[in-house]
Amino acid sequence: MRKRERKAVITFSTTTVAIHMETCCKKEGLPGRLIPVPTAITAGCGLAWALYPEEKEMVLAMMEREGIVPEGVYELEI
């Protein structure tokens, strides 16, 4: 069994927004990856961006620049 870690999880209203997030993060070399939304969270599209909490602010800044609106931003053990 994998060890649980504290992660920041950003959810999206649509799959299109989630894929745009992945594209922008890869283009800018930002951390994180798409994951299925954890069961502790309900989200519209079923995809979320997971990263370490200390990396969250730089990713949120990029999202603001790119006009990517999160459905929610959480921190939890996954």
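These are my notebook entries on a predicted model, going from the sheet to a few single residues.

**Sheet first**

I started with the strand layout. I found an open sheet of four strands in the order 2-3-1-4, and the pairing is antiparallel. Which strands stand at the edges? Strand 2 (33-36) and strand 4 (72-77) do, and each has a single partner strand, so one side of each is left without a neighbour in the sheet. I also looked up the twist: neighbouring strands are turned by 35° against each other on average, with direction ignored.

**Strand 1 and its partners**

Next I went through the pairs that involve strand 1. Strand 1 (residues 6-11) pairs with strand 3 (residues 47-51) in the antiparallel sense, over four bridges. Two positions I noted here: Ile10 has Trp49 as its bridge partner in strand 3, and Ala8 stands opposite Leu51 in strand 3. How many bridges link strand 1 and strand 4? I get six, again in the antiparallel sense. One of the positions I wrote down on that side is Arg6, whose bridge partner in strand 4 is Glu77.

I then checked burial along strand 1. Five of its six residues are buried, so strand 1 is largely enclosed by the rest of the structure.

**Helices over the sheet**

I looked at what the helices lie across. Helix 1 (residues 15-28) lies across strand 1, strand 2 and strand 3, and runs at about 30° to strand 3. Helix 2 (residues 56-66) lies across strand 1, strand 3 and strand 4, and its angle to strand 1 is about 10°.

**Cysteines**

I wanted to know about disulfides, and the count comes to zero. Cys24 is in no disulfide; its nearest cysteine sulfur is that of Cys25, 7.1 Å away. The cut-off for a disulfide is sulfur atoms within 2.5 Å. Cys25 is likewise in no disulfide, with the sulfur of Cys24 as the nearest one at 7.1 Å. Are these residues buried or exposed? Cys24 counts as buried because its relative accessibility is 3%, and Cys25 counts as buried because its value is 1%. The limit for buried is under 20% relative accessible area.

**Trp49**

Back to the bridge partner of Ile10. Trp49 sits in strand 3 and is buried, with a relative accessible area of 1%. I listed its contacts, leaving out residues up to four places away in sequence: Ala8, Val9, Ile10, Phe12, Met21, Glu22, Cys25, Pro31, Gly32, Arg33, Leu34 and Val59. So what does the Trp49 side chain reach at 3.1 Å? The backbone oxygen of Pro31. I also took one C-alpha to C-alpha distance: Trp49 and Leu60 are 11 Å apart in space and eleven residues apart in sequence.

**Lys56**

I picked Lys56 next, which is in helix 2. Is this lysine buried or exposed? Lys56 is buried, at a relative accessible area of 15%. Its side chain is joined to that of Glu75 by a polar contact of 3.0 Å. Aside from neighbours within four places in sequence, Lys56 is in contact with Ala8, Leu51, Val73 and Glu75. Ala8 and Leu51 are the residues I had already noted opposite each other in the sheet.

**Tyr74**

Tyr74 is in strand 4, one of the edge strands. Tyr74 is partly exposed, with a relative accessible area of 32%. Its contacts beyond four places in sequence are Lys7, Ala8, Val9, Thr11, Ile41 and Thr42. I checked the spacing to Thr11 as well: the two are 63 residues apart in sequence, yet their C-alpha atoms are 8.4 Å apart.

**Record versus model**

Last, I compared the UniProt annotations with the coordinates. The unreviewed entry gives "domain: Putative Se/S carrier protein-like" for residues 8-75. In the model, the end C-alpha atoms of residues 8-75 lie 4 Å apart, and the span is 37% helix and 25% strand. The unreviewed UniProt entry also places a "transmembrane region" at residues 34-52. What is the helix content of residues 34-52? I get 0% helix and 42% strand, with the end C-alpha atoms 13 Å apart. I'm leaving that label as the record's, since such annotations may be inferred rather than shown by experiment.

Key
Residues numbered from 1 in each chain as written. Predicted model: local features only at pLDDT ≥ 70, side-chain atom pairs only at ≥ 80, totals over all residues. Heavy atoms only, no water. Pairing = 2+ DSSP bridges. Axes fitted to C-alpha atoms, helices over the stretch in contact; angles between N-to-C directions. Contact = heavy atoms within 4.5 Å. Buried < 20%, exposed > 50% of the residue type's maximum accessible area, 1.4 Å probe, protein only. Polar contact = N/O pair within 3.5 Å; in protein donor to acceptor, adjacent residues only side chain to side chain.
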